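New to this one? Take a moment to look over the sequence and turn the model around before reading on.

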Amino acid sequence: MVREPTPAAPHPVRRHPAATRTAVCREPTDPPRPRAGAAHHEEYAVTAAGAPAPRPTTDWDVVCLGESMITFLPDRPGPLAEVPSFTRAIGGAESNVACALAAAGHRARWVSRVGADGFGDHLLAAVAAYGTDTTAVTRDPDRPTGLYFRTADDRGAARHEVAYYRHGSAASAMSPDTVPYAGLAATRVLHLTGITAALSDGCLALLRDLTAPRPGRPLVSFDVNHRPRLWQGRTDGPAVLAELAGRADLVLVGEDEAAEVWDLHTPEAIRAALPGPRHLVVKRGSRGALAYDGRTATEEPALTVDVVAPVGAGDAFAAGFLSALLRGLSARDRLRHGHLMAAAALTVPGDLTAPPARAHADSLAALDEAAWGRLRLGPGWTRAGAAEEVRVP
């Protein structure tokens, strides 16, 4: 829930690699154009030898493209037929990532289409309140902003229900002809998800165009985000998602998700099926996450979290991982920041919340293995100095 915020072969596994700086993106297609008054950000390009080299600042750290909708959250548990009232919020995987990154101090932009209606007004205002740029979002006078209702249960639970009202939405009309490509330029990372690919033929054409190999393409991040309901009536979902993932530079996928979509059941099998992306992150639920950088794999256990609502963790993890990648942190720290950002989302009622201050998160990510394993995070832990919520017995 969004509240009014204040501001091929097995690979070796390393659990704690040295904290070396890593390259995060290629040179942009267009020359960098610094924003007036923008703070300096240290950035890196990938040389032919794979070593990092400094380059000037671009306009955006991350541009996220995809549909966001008005979300109606139940005021109490139970099936939709028995929930008497709902609280209005916003929901969208890509805007969730953009908002979390903006709140964490990165220059983030969200690109999409919304209706020229009151729901579109609210959606734009709520996303912008996190510090996310929305100036490249197009208003559609003929198509509405999408809506959905959901129950309080976890998405994977048998009792979980979602009622989508997004057919014919403004965002489903995204295509190479309707999305301004200028709004996607001059970014270090372009973040996409498999949700967009399922919305319409035009949306799929747009993702195929944006993931096509070309000189100067920014680092393309792709979260598989398989939503079976969106692929109902189609048989090409697994092939489409594999195609898009194979063209990306960074792929995030759940181990259970890969099993459902591609019948791949281990990180090694997933890596063998997706050899192209330099970075591959396999989320393993309560067992933690494993990240490949080339052929080297790093694994980090999940944190113990006093969960308030089991929603938003996947998008938050992606934001935390991307934040650390943008900062040139080690593979271990990328995973740890992903876990910490996910814990921030899990300890609030809705999908989004203000992340921990960077120094606070860095101090936790720097804990030794034993102390990290003993961490237990509860509601309010993101407040710096909230010792009662960050417990290391």
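What follows is a short walk through the chain as a whole, then a helix, a pair of helices, some cysteines and a loop residue.

First, keep in mind that this is a predicted model. The protein chain has eleven helices and 20 strands. Of its 393 residues, 56% are buried. The chain exposes about 15900 Å², and carbon and sulfur atoms supply 55% of that area.

Let's start with helix α4, which covers residues 201–211. Which of its residues are buried? They are C203, L204, L206, L207, L210 and T211. Looking down the axis of α4, you'd find these buried residues within an arc of 155 degrees, so they line one face of the helix. As general background, an α-helix has 3.6 residues a turn, so residues three or four places apart point the same way. And what covers that buried set? The cover includes strands β4 (60–65), β12 (187–193) and β13 (219–223), along with helices α3 (194–199) and α5 (237–247).

Next comes a pair of helices, α8 (residues 313–326) and α9 (residues 331–346). Their axes come within 7 Å and cross at roughly 145 degrees. The crossing of α8 past α9 is right-handed. On the α8 side, the residues that meet α9 include A313, A316, F317 and G320. Among their counterparts in α9 are L335, H337, H339 and M341.

Now for the cysteines. How many disulfides does the structure hold? Zero. C99, for one, is in no disulfide: the nearest cysteine sulfur belongs to C64 and sits 8.8 Å away. A disulfide needs the two sulfur atoms within 2.5 Å.

Here is how C99 compares with C203 from helix α4 and with A302, the loop residue that comes up next.

| Residue | Relative accessible area | Class |
|---|---|---|
| C99 | 0% | buried |
| C203 | 0% | buried |
| A302 | 28% | partly exposed |

Where is A302? Look in the loop between β17 (296–300) and β18 (304–305). A302 counts as partly exposed because its relative accessible area is 28%, and buried means under 20%. Its C-alpha atom is separated by 3.9 Å from that of G288, although the two residues are 14 apart along the chain. Setting aside neighbours within four places in sequence, A302 is in contact with G285, S286, R287, G288 and H339. H339 has turned up already: it is one of the α9 residues that meet α8.

Note on methods:
Residues are numbered from 1 along each chain as its sequence is written. This is a predicted model: local features need pLDDT of at least 70, side-chain atom pairs count only at pLDDT 80 or more; totals for chains, interfaces and linings use all residues. Side-chain values use heavy atoms; hydrogens and water are left out. Buried means under 20% relative accessible area, exposed over 50%, partly exposed in between (1.4 Å probe, protein chains only). Helices (H or I, at least four residues) and strands (E, at least two) are DSSP runs, numbered from the N terminus. The arc is that of the directions from the helix axis to the C-beta atoms. Contact means heavy atoms within 4.5 Å. Accessible areas come from the Shrake-Rupley method with a 1.4 Å probe; for residues, only the protein chains shown count as cover. Axes are lines fitted to C-alpha atoms, for helices over the stretch in contact, and angles run from 0 to 180 degrees between N-to-C directions. A crossing is left-handed if the near helix is turned anticlockwise from the far one by less than a right angle, and right-handed if clockwise.
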